Amino acid sequence: MVRVTALYPAPLPFLKGHGTENDFVIVPDPANEIELPAWAVARICDRRAGVGGDGLLHVVKSAAHPEARAMAGEAEWFMDYRNADGSIAEMCGNGVRVFARYLQRAGHAAAGELAVATRGGVKRVHLAKDGDVTISMGRARLPEEGVTVAVGGHRWPTRNVNMGNPHAVAFVDDLDHAGDLRSAPAYTPSSVYPDGVNVEFVADRGERHVAMRVHERGSGETRSCGTGACAVAVAAARRDGLDPAVTGAPVTYTVDLPGGRLLITELPDGEIEMTGPAVIIAEGSLDPALLTPPQ
Ligand SMILES: N[C@@H](CCC[C@H](N)C(=O)O)C(=O)O
């Protein structure tokens with residue numbers, strides 16, 4: 001007889017937070033002692049049988065994590081981000097805001113400037129005492145090769161924007177044309193994104209003002225995506241003939257998402273700043289039975 005025991009013998013502390021309704025389970029683990037296989041993350045993020053979340057933020061000291069040790073001199077804390085299906089992603093913009101808010105609440109960071117290590121490099125955070133959080137997201141890369149996305153009877157060309165993680169941005173007349181987004185939109189050629197892609201659908205709302213929906217790799221349709229909003233703002237700016245590197249003037253887009261509003265500014269040096277809310281809404285402990293390994 002196979003004896004199956006819980007991966008964690010004692011209740012595991014967690015918190016829950018969100019940024020414009022992109023919601024995350026936060027697992028504090030400064031010394032990196034908690035093993036989080038994909039199946040455990042998927043269970044914790046399950047909206048019926050688990051806590052529920054678009055992703056999980058594993059909070060680890062950079063010095064204690066092999067992927068972050070080299071950044072420890074610049075950033076004390078590493079955001080070990082996982083998608084809801086347990087897959088690993090390079091970056092999560094809303095996640096960094098929520099991560100910073102958690103560090104503040106836990107007394108690990110004070111309001112003001114803070115650095116957070118991510119797989120996409122060190123991100124600078126401006127953390128107000130309450131209210132919005134601003135992140136310096138780094139520069140966008142704009143690979144030439146894009147894909148065609150198809151949903152229902154509609155097909156759109158997309159702009160390829162990399163914010164540390166990959167995005168395909170489609171401009172649409174009506175956000176409803178993206179359908180229910182219960183499954184990932186089909187795209188060709190698939191070779192452009194060998195590791196999958198986040199797909200954004202964007203409609204104009206006014207001057208430098210757009211609305212978007214997103215299907216996230218590893219999480220499905222979410223109510224907000226920070227890196228996606230940055231990708232959308234850059235794609236919209238180039239479509240509108242605006243490039244701060246050429247004009248020397250910053251450009252700001254207002255991006256409306258189902259879960260709220262983000263302000264995205266591109267500076268003349270290419271740096272992209274994202275501003276939006278981040279809140280912690282609950283705190284508790286996970287029952288070890290939830291984390292009994294599958295047979
Ligand atoms: N919601 C995030 C992005 C999370 C990662 C993404 N699903 C991926 O796999 O690249 C954000 O706010 O940026």
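How do the residues of the shell around the ligand divide into nonpolar, polar and charged? In this predicted model, the split is three nonpolar, 13 polar and two charged. In total, 18 residues surround the ligand, and the closest are Ala89, Asn94, Asn165, Gly226 and Thr227. Two helices, α2 (93–105) and α3 (226–239), each chip in with at least two residues of this shell. The largest share comes from α2, which supplies three residues.

It helps to step back and look at the chain as a whole. The domain assignment gives domain 1 (12–132 + 279–291) and domain 2 (148–276). Taken over C-alpha atoms, the centres of the two domains are 24 Å apart. Where they meet, 19 residues of domain 1 are in contact with 20 residues of domain 2. On the domain 1 side of that meeting place, α2 gives the most, with three residues. By class, that side has four nonpolar, nine polar and six charged residues. And where does the ligand sit in all this? Domain 1 and domain 2 both give residues to the shell around the ligand, so the ligand lies between them.

The UniProt record has something to add here. Its unreviewed entry lists Asn22, Asn83, Gly93, Asn94, Asn165, Asn198, Glu216, Arg217, Gly226 and Thr227 under "binding site". Two of these residues, Thr227 and Glu216, are worth a look one at a time. Thr227 is part of helix α3 and is among the closest residues to the ligand. This threonine, Thr227, counts as buried because it has 32 C-beta neighbours inside 10 Å, and the cut-off for being buried is 20 or more. Setting aside neighbours within four places in sequence, Thr227 is in contact with Met91, Cys92, Gly93, Met163, Gly164, Asn165 and His167. Gly93 and Asn165 also appear in the UniProt list.

Glu216, for its part, belongs to strand β14 (residues 209–216). Is Glu216 buried or exposed? With 28 C-beta neighbours inside 10 Å, Glu216 counts as buried. Its contacts, again leaving out neighbours within four places in sequence, are with Asn198, Thr222 and Cys225. Asn198 is another of the residues that UniProt lists for "binding site".

Next comes helix α1 (residues 38–45), where Ala40, Val41, Ile44 and Cys45 are buried. Seen down the axis of α1, these buried residues fall within an arc of 130°, so they line one face of the helix. The general pattern behind this is simple: an α-helix has 3.6 residues a turn, so residues three or four places apart point the same way. What covers the buried residues of α1 includes the strands β2 (22–28), β3 (55–61), β4 (77–83) and β19 (279–286).

Finally, a few spots in the backbone stand out for their geometry. The peptide bond from Thr188 to Pro189 is cis, with omega near -5°. Pro189 sits in the loop between β12 (186–188) and β13 (198–206). Elsewhere, the loop between β1 (12–19) and β2 holds Thr20, and Glu21 has its place in the loop between β1 and β2 too. Phi of Thr20 is near 45°, a positive value in a residue other than glycine. Phi of Glu21 is near 70°, which is likewise positive in a residue other than glycine. As for their surroundings, Thr20 is buried, with 25 other C-beta atoms within 10 Å, whereas Glu21 is partly exposed, with 15.

Conventions
Residues numbered from 1 in each chain as written. Predicted model: local features only at pLDDT ≥ 70, side-chain atom pairs only at ≥ 80, totals over all residues. Near = placed C-beta within 6 Å. Helix = DSSP H or I, 4+ residues; strand = E, 2+ residues; numbered from the N terminus. Nonpolar A, V, L, I, M, F, W, Y, C, P; charged D, E, K, R; others polar. Domains from an automatic or database assignment. UniProt positions renumbered as here; feature names shortened; annotations may be inferred. Buried ≥ 20, exposed ≤ 12 C-beta atoms within 10 Å, placed from the backbone. Contact = placed C-beta atoms within 7 Å. Arc of directions from axis to C-beta.
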